[in-house]
Amino acid sequence: MTHPERISPALRTEALEQLLTERGLVDSGVMDKFIANYETNVGPLNGAKVVAKAWTDPEYRERLLADGTAAIKELGFSGPQGEHIVVVENTPAVHNVTVCTLCSCYPWPVLGLPPSWYKDPAYRARVVREPRTVLHEMGLDLPAETEIVVRDSSSEVRWLVLPERPAGTENLSEEELIPLITRDALVGVAKVTATV
Ligand code: FE
């Protein structure tokens with residue numbers, strides 16, 4: 001029997017969708033609309049809005065770190081894979097990076113659908129074992145004294161990183177900060193920089 005890991009996720013997904021459609025469990029039209037919605041309407045811009053608000057509103061930041069799901073819902077973002085979002089803050093001392101070692105759990109309401117590298121078995125296995133090397137390969141070099149904490153997502157928790165607000169952005173408004181905040185920074189494989 002072929003080991004399931006050797007079949008591409010795209011092929012497995014297609015097979016699963018076909019099976020569910022054939023058995024009348026899902027309507028393929030509904031499925032297409034659902035995917036299109038997450039591809040076009042829901043994306044990392046939502047997460048960027050959450051972070052920009054946390055950077056400019058200390059009380060919101062506290063609520064966000066205390067109960068991510070509730071604070072994110074305040075801005076109108078909720079839905080599948082967003083039921084248990086836990087927000088962790090990156091600081092010069094601690095850098096959080098997120099992964100789902102088991103599959104591809106990801107906080108959809110704030111980040112949209114995961115990029116292909118996030119679902120790649122190589123990223124999932126290696127970021128746990130050698131996070132510093134993987135981050136380096138992705139273009140992020142952290143000081144040796146920064147502790148790297150790998151956050152493994154599951155059905156119980158979806159992680160969202162609250163990146164450090166970069167120096168030089170003190171005078172920017174919430175609106176002006178939003179475009180600086182990238183998906184990769186929200187996953188923890190990059191930092192936010194003061195210029196886009
Ligand atoms: Fe998963």
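These notes cover a predicted model, taken strand by strand and site by site.

1. **Strand β4.** Start with residues 158-162. All 5 of the 5 residues in β4 are buried, so the strand is largely enclosed by the rest of the structure. In a regular strand the side chains alternate between the two faces of the sheet. Here Arg158, Leu160 and Leu162 point one way. Trp159 and Val161 point the other way. Both sets are buried, the arginine included.

2. **Pairing with β1.** Strand β1 covers residues 85-89 and runs parallel to β4. The two are joined by 5 bridges. For a reference point in the pairing, take Val88, which stands opposite Val161 in β4.

3. **Gln81.** This residue sits in the loop between α5 (68-74) and β1. Its backbone deserves a look: phi is positive, about 65°, although Gln81 is not a glycine. The side chain of Gln81 reaches the backbone nitrogen of Tyr106 at 3.2 Å. Leaving aside residues up to four places away in sequence, Gln81 touches Cys105, Tyr106, Pro107, Trp108, Pro109 and Arg158. That list links the loop to two other points of this note: Arg158 belongs to β4, and Cys105 is a donor of the iron ion.

4. **Iron site.** Which protein atoms serve as donors of the iron ion? They are Cys100 (SG), Cys103 (SG), Cys105 (N) and Cys105 (SG). Their distances from the ion run from 2.1 to 2.6 Å. Note that Cys105 contributes both its N and its SG atom. Along the chain, the donors follow the spacing C-x2-C-x1-C.

5. **Geometry of the iron site.** The angles among the 4 donor atoms span 81 to 131°, and the site is irregular. A tetrahedral label requires all angles to lie between 85 and 135 degrees. The low end of the span, 81°, falls outside that window, so the label does not apply.

6. **Exposure of the cysteines.** Is Cys103 buried or partly exposed? Its relative accessibility is 38%, so Cys103 counts as partly exposed. Cys105 has 9% relative accessibility and therefore counts as buried.

7. **Aromatic pairs.** The structure holds 4 aromatic pairs. In one of them, the ring centres of Trp117 and Tyr118 are 6.3 Å apart and the planes meet at 70°, so the pair is edge-to-face. Tyr118 also pairs with Tyr123. That pair is tilted, with 6.1 Å centre to centre and 35° between the planes.

8. **Aromatic cluster.** Tyr106, Trp117, Tyr118 and Tyr123 form one aromatic cluster. Tyr106 is also the residue whose backbone nitrogen is reached by the Gln81 side chain. Within the cluster, Tyr118 has a relative accessible area of 0% and is buried. Tyr123, at 6%, counts as buried too. Trp117 is partly exposed, with a relative accessible area of 22%.

9. **Pro131.** This proline lies in helix α9, residues 131-137. Pro131 is buried, with a relative accessible area of 15%. Beyond residues up to four places away in sequence, Pro131 touches Arg126, Ile148 and Val150. Where does Val97 lie relative to Pro131? The two are 34 residues apart in sequence, and their C-alpha atoms are 8.3 Å apart in space.

Methods:
Residues are numbered from 1 along each chain as its sequence is written. This is a predicted model: local features need pLDDT of at least 70, side-chain atom pairs count only at pLDDT 80 or more; totals for chains, interfaces and linings use all residues. Side-chain values use heavy atoms; hydrogens and water are left out. Buried means under 20% relative accessible area, exposed over 50%, partly exposed in between (1.4 Å probe, protein chains only). Helices (H or I, at least four residues) and strands (E, at least two) are DSSP runs, numbered from the N terminus. Two strands pair if DSSP finds at least two bridges between them. A polar contact is a pair of N or O atoms within 3.5 Å; within protein, one must be able to donate a hydrogen and the other to accept it, and residues adjacent in sequence count only if both atoms are side-chain atoms. Contact means heavy atoms within 4.5 Å. Donors are N, O and S atoms within 2.8 Å of the metal (3.2 Å for Na, K and Ca); water is not among the atoms, so sites may look incomplete. Four donors count as tetrahedral if all angles lie between 85 and 135 degrees; four count as square planar and six as octahedral if opposite donors are over 155 degrees apart and all others between 65 and 115; anything else is irregular. Rings of Phe, Tyr and Trp (its six-membered ring) pair if their centres lie within 6.5 Å; planes under 30 degrees apart count as stacked, over 60 as edge-to-face and the rest as tilted.
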